[in-house]
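Hi,

Here is the structure I said I'd pass on. Have a look first, and then read my notes underneath.

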Amino acid sequence: MSFVAEFNALPLEALRKRSQSASGPAVLEALARPRPTAADFAALISAAAGDLLETLCRRSQALTRQRVGKVIRLFAPLYLSNECINNCKYCGFSRDNAILRVTLTVEEVLREARALEEQGFRNLLLVAGEHPKFVSTDYLSDCVRALHEKFPGISLEVGPMETEQYGRIVAAGAEGLVVYQETYDRAVYSAMHTAGPKRNFDWRLETAERAYAAGFRRLGIGALLGLADWRFEALCVAAHADYLLRTCWKAQLTISLPRLRPCAGEFEPLTRMSDRDLVQLVCAFRLMFPDVGLVLSTREPAKLRDGLIPLGITLVSAGSHTEPGGYTGAGQEHLHRTERGRIVELGASEWAAGDGNGPRATEQFNIADERSPREVADLIRRLGYEPVWKDWDAALTA
């Protein structure tokens with residue numbers, strides 16, 4: 001049975017009510033349980049648990065140190081393309097947004113990667129919009145193959161594919177696949193995705209299972225916080241994580257906690273999640289899943305990231321750019337603009353834009369933490385943790 005079938009049978013309304021009505025004693029009971037249940041997790045994300053946030057933070061920090069140690073893994077996103085055939089109201093790359101687009105050549109991808117290598121990175125997350133014409137399986141395999149010698153940790157965040165397609169990318173040297181469901185609320189999902197293959201909720205929900213069947217050794221999931229009620233999303237992510245831990249047990253699992261950021265199209269979040277809520281959610285996930293990796297990106301401001309690192313986070317990005325060519329300016333020579341999916345010529349004012357070296361491709365969203373990788377690594381050390389740039393090598397499987 002796939003997760004789609006299990007998801008459709010989840011008692012989500014009962015769990016939501018549990019979260020809404022949980023009392024302080026129920027939270028303490030959940031904290032005392034050695035193996036929390038779904039009902040316990042609902043209590044841990046409740047308003048009553050928010051009143052016990054200091055207790056949650058202490059437990060989460062102690063559990064993280066016990067199970068993971070005092071290490072923080074660093075990675076960088078490398079955007080390959082911002083072409084996309086989907087209309088997603090919340091995304092800067094959405095097909096109908098009139099933005100500057102480009103797909104980097106393999107040599108340009110290497111140019112970007114060399115800049116990241118010089119900063120210390122050995123773990124990359126390759127990101128691209130969904131557009132089979134520009135971002136084909138062969139293209140992704142070529143990029144991975146070219147990068148694999150210098151970067152032992154290569155993960156992808158791209159449009160969902162068939163198992164056979166994923167298998168070719170794994171064979172080229174990729175080890176991880178990240179896919180956000182965006183929102184687990186079917187009604188909101190339908191309203192947010194108005195055109196393109198991404199409209200298929202179930203196909204996306206089964207992506208991690210196809211990736212596992214193809215041989216990926218790391219799987220990443222998450223919801224984009226700001227589309228539906230964050231507690232509902234958390235319950236669904238927890239159920240999804242539990243399923244993957246049971247059925248895809250040979251792979252390492254990570255959970256990302258991305259909040260919506262400003263982007264092209266000027267979409268405003270449909271729901272709000274406070275910083276305090278995010279802290280509570282990090283702790284709840286750590287208490288529920290002691291060995292799962294928790295990811296925090298540069299979507300969050302520096303001060304908040306600094307405070308969250310000791311509480312359960314195990315992976316962070318640093319010095320990020322969310323546009324193709326963001327690290328070196330690669331791809332500037334073959335930019336184009338699209339209007340409702342149609343390519344149009346750039347005007348003179350657009351070519352004159354930017355930093356004097358020509359225009360840049362449009363970013364997917366604005367980042368909040370603009371510190372350099374060195375600054376982030378130094379902060380991690382000051383907190384008493386060790387920044388880890390490399391934690392895997394293919395030679396370990398020989």
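Below is what turned up, going through some strands and then the cysteines.

Keep in mind that this is a predicted model.

Let's start with strand S9 (residues 252-256). Four of its five residues are buried, so S9 is largely enclosed by the rest of the structure. On one side, S9 runs parallel to strand S8 (residues 218-222), and five bridges join the two. Glycine 222 sits opposite serine 256 of S9 there. S9 also pairs in the parallel sense with strand S10 (residues 293-296), this time over three bridges. Serine 256 turns up again here, with valine 295 as its bridge partner in S10.

Helices link these strands. S8, helix H13 (residues 230-247) and S9 form a right-handed β-α-β unit, and S9, helix H14 (residues 275-288) and S10 form a right-handed β-α-β unit as well.

There's also an open sheet of three strands, in the order S3-S12-S13, with antiparallel pairing. Its edge strands are S3 (100-101) and S13 (342-344), each pairing on one side only. Two bridges connect S3 with strand S12 (residues 336-339), and leucine 100 stands opposite arginine 337 in S12.

Now the cysteines: how many disulfides does the structure hold? Zero. Cysteine 88 is buried at 5% relative accessibility, but its closest cysteine sulfur, in cysteine 84, is 5.8 Å away, so that is too far for a bond. Cysteine 91 is buried too, with a relative accessible area of 13%. Its sulfur lies 5.9 Å from the closest cysteine sulfur, the one in cysteine 88, which is again too far for a bond.

Cheers

Technical notes
Residues numbered from 1 in each chain as written. Predicted model: local features only at pLDDT ≥ 70, side-chain atom pairs only at ≥ 80, totals over all residues. Heavy atoms only, no water. Pairing = 2+ DSSP bridges. Disulfide = S-S within 2.5 Å. Buried < 20%, exposed > 50% of the residue type's maximum accessible area, 1.4 Å probe, protein only. Right-handed = clockwise from strand over helix to strand, strands pointing away.
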